[in-house]
Amino acid sequence: KINIALMSYFLVNEKRIDLPENFNGIAVFYPKEKEEKIIDEQKLLFQRLFENGLNMKLSDMLWVEKDLAEPSFTFKNKGTVNCCLFFGVDPAQAGFRVQLPFNKFAAVNNIQLLQTASPKELNEKPELKKTLWNSLQVLK
């Protein structure tokens with residue numbers, strides 16, 4: 001049995017964050033970085049994956065920068081999240097108490113979840129990026 005703590009809200013950084021009204025889309029969780037070079041590489045990776053590769057607007061997605069040292073957090077859900085992508089973030093930190101296969105989508109309570117490497121790891125290991133890219137094709 002899967003125990004999930006996501007029904008009308010997410011759990012993220014012990015603060016409650018309102019989702020945009022009528023949000024219907026993808027939440028992307030990624031680790032908070034301190035180095036400007038890594039931050040720039042992260043932005044470029046996301047732009048290439050989502051905007052260039054999948055023809056999606058980054059502005060239509062919910063971006064959750066997660067401080068990995070912080071415990072879980074909460075969003076007030078006014079909209080619908082139909083997909084969560086975890087880039088180097090444990091899904092448990094967003095309320096999902098479930099083991100996910102790496103780089104493969106799994107459905108939990110009608111939400112598609114995917115856990116993958118951090119953006120930094122993806123940039124350092126092209127083979128991980130290729131596997132992720134293949135998995136993300138279902139979002140087209």
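Analyst: A residue is called buried when its relative accessible area is under 20%. The structure shown is a predicted model, and buried residues make up 46% of the 140 residues in its chain.

User: What makes Ile38 of α1 a buried residue, and which others are buried in that helix?

Analyst: The cut-off is under 20% relative accessible area, so Ile38 counts as buried because it falls below that value. The other buried residues of α1 are Ile39, Gln42, Leu45, Phe46, Leu49 and Phe50.

User: What do the buried residues of α1 pack against?

Analyst: They pack against three strands and two helices: β3 (24-31), β4 (62-66), β6 (80-87), α2 (119-124) and α3 (126-136).

User: Why is the span of α1 called close to the expected one?

Analyst: The expected span is 1.5 Å times one less than the number of residues. Helix α1, residues 36-53, has 18 residues, and the expected value is therefore 26 Å. From first C-alpha to last, α1 reaches 24 Å, which is close to that expectation.

User: Where is the kink in α1 centred, and what follows the helix?

Analyst: The kink is centred on Gln47 and is about 30 degrees. That angle lies between axes fitted to the seven residues ending at Gln47 and the seven starting there. After α1 comes Asn55, with a positive phi near 60 degrees.

User: How many helices and strands does the chain have, and in what pattern?

Analyst: The chain has three helices and nine strands. Along the sequence they follow β-β-β-α-β-β-β-β-β-β-α-α.

Technical notes. Residues are numbered from 1 along each chain as its sequence is written. This is a predicted model: local features need pLDDT of at least 70, side-chain atom pairs count only at pLDDT 80 or more; totals for chains, interfaces and linings use all residues. Side-chain values use heavy atoms; hydrogens and water are left out. Helices (H or I, at least four residues) and strands (E, at least two) are DSSP runs, numbered from the N terminus. Buried means under 20% relative accessible area, exposed over 50%, partly exposed in between (1.4 Å probe, protein chains only). Contact means heavy atoms within 4.5 Å.
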